[in-house]
Amino acid sequence: MMSHRMRPSLHHFLSVRWLGMTAPRTLAAGLPDPRPGALTFQDPSAFRVKSLGELLRTLGVFQLCSFPLLVNNCGKLMSAARLLLGRRGFSLFLRPSVYAQFVAGESEREIAQSMEKMSSLGLRPMLAVPIEEDLGESTGEQRYDDNMAAMLECVRMSHSNAWSKDPMMQLKITALLSAELCVKITTVLSGKPYDLDLLLRAMDGQSISFPGLDERENAHFLCGLKRLNKIAEASVNKVRVLVDAEYTYMNPALSLVTMAMMKKFNQDGAWIWNTYQCYLKESRSLLLDALCLSSSQSFCLGVKLVRGAYMDKERQLADIEGRPDPIHESWQDTNDSYNGSLEVMLEVISQNPQRHRIIVATHNEESVRQAAQRMADLEIDKDGGSVCFGQLLGMCDHVSLTLAQQGYVVYKSVPYGSVDDTLPYLVRRAQENRTVLQGIRKERDLLRQELRRRMRLGLGGGS
C-alpha cells in the first residue's frame, strides 16, 4: 500500500460510492447487451485480412497451446529441443512457428515489416523489450546499463517510425534495478515511507541517502533512478512508457518509482503510466490512491488496467509465508474488480480526458464490451486517445481487429529480439497466461470458419 505521505484523503477528490463500485449489472452478469451495434466478436470476416500462411500458423500454434501438458512444461521442452537440435537448428525450428506468432522479429527491418503490416490493419504497436529480472538473477550494474541502452533504442524505434501517431512502449523496472533492492525498498516503505521529492532529487543527480538502505544498496538505487530518468527524458513528448507491475513483494517499490517519474514528467500529459492488477484484492484502493495523488500533486495519470498474470506464484508464496492470499477468491470477483476499476477510470476520463488516460488491457470480451458501451454512454471519443484497448501480439485478434474496424484505438503488445533473447520471455508469458492460451477455442473456431470459406473459394487469400 502507498504510504500516508503519498496518500491524501479520498474525500477531497473521489466519491465514496466508488469504493464499492461494480460493473453495470447486465454486463457483470455476462448477459448480452441488448442495444444495437453491440460488439459480438463472432464474425470470422475479421480474419480476412490475414494471409493463408498466417491462418495456418495461428491454428497450428493455438492447437499446441490447447494442451495443458505442453504449456505447463514448455520451458523444459524447449530446453530439451535446443539441446537436441543445437542452437541454429532450434532457431530454424522455432522462428516460423511460435516465434513468428508472438514476436515481431530481431532486426529493425523485420520489426518494421511486422509493424507496417499491423498498421495496415488499423492496429498500433506497443513495443516491449523482453527483459526482466526476478530474485537471484542480478548480474551487476553493467547488465542494467546494457538494458537501459536497449530501452533507449526502443524509444528511438517507437518514435522514428511512422507505425502509429501515438506510440507506446512497455518497461519493466526490474530490467534497470535489481529485484532484491525492490524487495528491500518495499520492506522499508512499510515502516518508513519515502517522499516523492526525495526520488526526484536523486533523478536530477543529487547524492541522496535513502533511509533503511546500506551504502551499496543506496548507490545501486541512485544508479537505477538515473537510468529511469534517462529513459523518461528520451521518451517524454514522444513515446508513452507503460511501466509493468510485477510481484506483490516488490510492487510498492515499483509504484513508488513510477509515481515519482509521473510527478516529474506528467505535468502536461500522461507520458509515464502505471499498471494495476485487478486480481489483487487491494487493486481498487491502489487505483483510488493514485487518482488522489495525481490530483493533489498536479500530474496526469496514465493507467494500464490488467487482470494479472502471477496468480499461482502469488498464492504459493502466501501459503508458504503464512499470510493472507492477496488474490481475489474467484474469477468472478476478479471480473468485478476489473470492471469496477474500469468504470472508475471512465467516469474520471469523461470529466477530464486531458489529465487521465487508460489502456483497457484485456482479452476478456465482456470487459471490452463494457468499456465500449460506457464510452458511448459517457460520450468519450473512440479515437480521442484517452481510452484505448490492448492485447498481446498473436492472440485475441478477433477482438483486436473487430475493435479496430469499429474505429477504436487498439494496441498490440509486441516483443522483439533474437530467439535466445525472447525465449525466456515467451516461456514466462506462456506459463503466466496458460489459462488464456487454453481458452482460445472461440478464436480457433473463427479461424477455422475463415479457412473453410477460403477452401470453398479455391484457397484464395485475403478477400
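**Packing around Phe-221 and some helix pairs**

Leaving aside residues up to four places away in sequence, Phe-221 touches Leu-177, Leu-181, Ile-185, Tyr-194, Leu-199, Phe-210, Leu-213 and Val-257. The model here is a predicted one. Phe-221 sits in helix H9, which covers residues 215–235. With a relative accessible area of 0%, Phe-221 falls under the 20% cut-off and so counts as buried. Leu-176 lies 45 residues from Phe-221 in sequence, yet the C-alpha atoms of the two are 9.7 Å apart.

Thr-258 gives a second view of the interior. This threonine belongs to helix H10, residues 251–265. Its relative accessibility is 0%, so Thr-258 is buried. Once residues up to four places away in sequence are set aside, Thr-258 is in touch with Ile-173, Val-243, Ile-272, Trp-273 and Asn-274.

Stepping back to the whole chain, there are 18 helices and eight strands. The chain runs to 463 residues, and 56% of them are buried. If one takes the contacts between residues at least 6 apart in sequence, 79% of these join residues at least 24 apart. The accessible surface adds up to about 19900 Å², with 53% of that area belonging to carbon and sulfur atoms.

Now for the helix pairs. Two packed helices are described by the angle between their axes and the distance between the axes. Take H11 (residues 283–296) and H13 (residues 331–351): their axes come within 10 Å and cross at roughly 15°. That angle is under 35 degrees, so H11 is roughly parallel to H13. The crossing of H11 with H13 is right-handed. On the H11 side, the contact uses Ser-283, Arg-284, Leu-287, Leu-288 and Leu-291, while H13 brings in Asp-336, Ser-337, Gly-340, Ser-341, Val-344, Met-345 and Val-348. Sorted by class, the residues of this H11–H13 contact come out as six nonpolar, four polar and two charged.

H2 (residues 52–65) pairs up with H18, and here the axes come within 10 Å and cross at roughly 145°. This crossing of H2 and H18 is left-handed. From H2, the residues involved are Leu-52, Leu-55, Leu-56, Thr-58, Leu-59, Phe-62 and Gln-63, and they meet Glu-443, Arg-444, Leu-447, Arg-448, Glu-450, Leu-451 and Arg-454 of H18. The class tally for the contact of H2 with H18 is seven nonpolar, two polar and five charged residues. As general background to lists like these, an α-helix has 3.6 residues a turn, so residues three or four places apart point the same way.

H18 turns up again in the surroundings of H15. Helix H15 (residues 397–405) is mostly covered, with eight of its nine residues buried. Those buried positions are Asp-397, His-398, Val-399, Ser-400, Leu-401, Thr-402, Leu-403 and Ala-404. What do the buried residues of H15 pack against? Two helices and two strands are involved: helix H14 (365–377) and helix H18 (441–456), along with strand E7 (387–392) and strand E8 (410–415). Just past the end of H15, Gly-407 adopts a positive phi of about 95°.

How values were computed. Residues numbered from 1 in each chain as written. Predicted model: local features only at pLDDT ≥ 70, side-chain atom pairs only at ≥ 80, totals over all residues. Heavy atoms only, no water. Helix = DSSP H or I, 4+ residues; strand = E, 2+ residues; numbered from the N terminus. Buried < 20%, exposed > 50% of the residue type's maximum accessible area, 1.4 Å probe, protein only. Contact = heavy atoms within 4.5 Å. Areas by Shrake-Rupley, 256 points an atom, 1.4 Å probe, with all protein chains shown as cover. Axes fitted to C-alpha atoms, helices over the stretch in contact; angles between N-to-C directions. Parallel < 35°, antiparallel > 145°, perpendicular 65-115°, else oblique. Left-handed = near helix turned anticlockwise from the far one by under 90°. Nonpolar A, V, L, I, M, F, W, Y, C, P; charged D, E, K, R; others polar.
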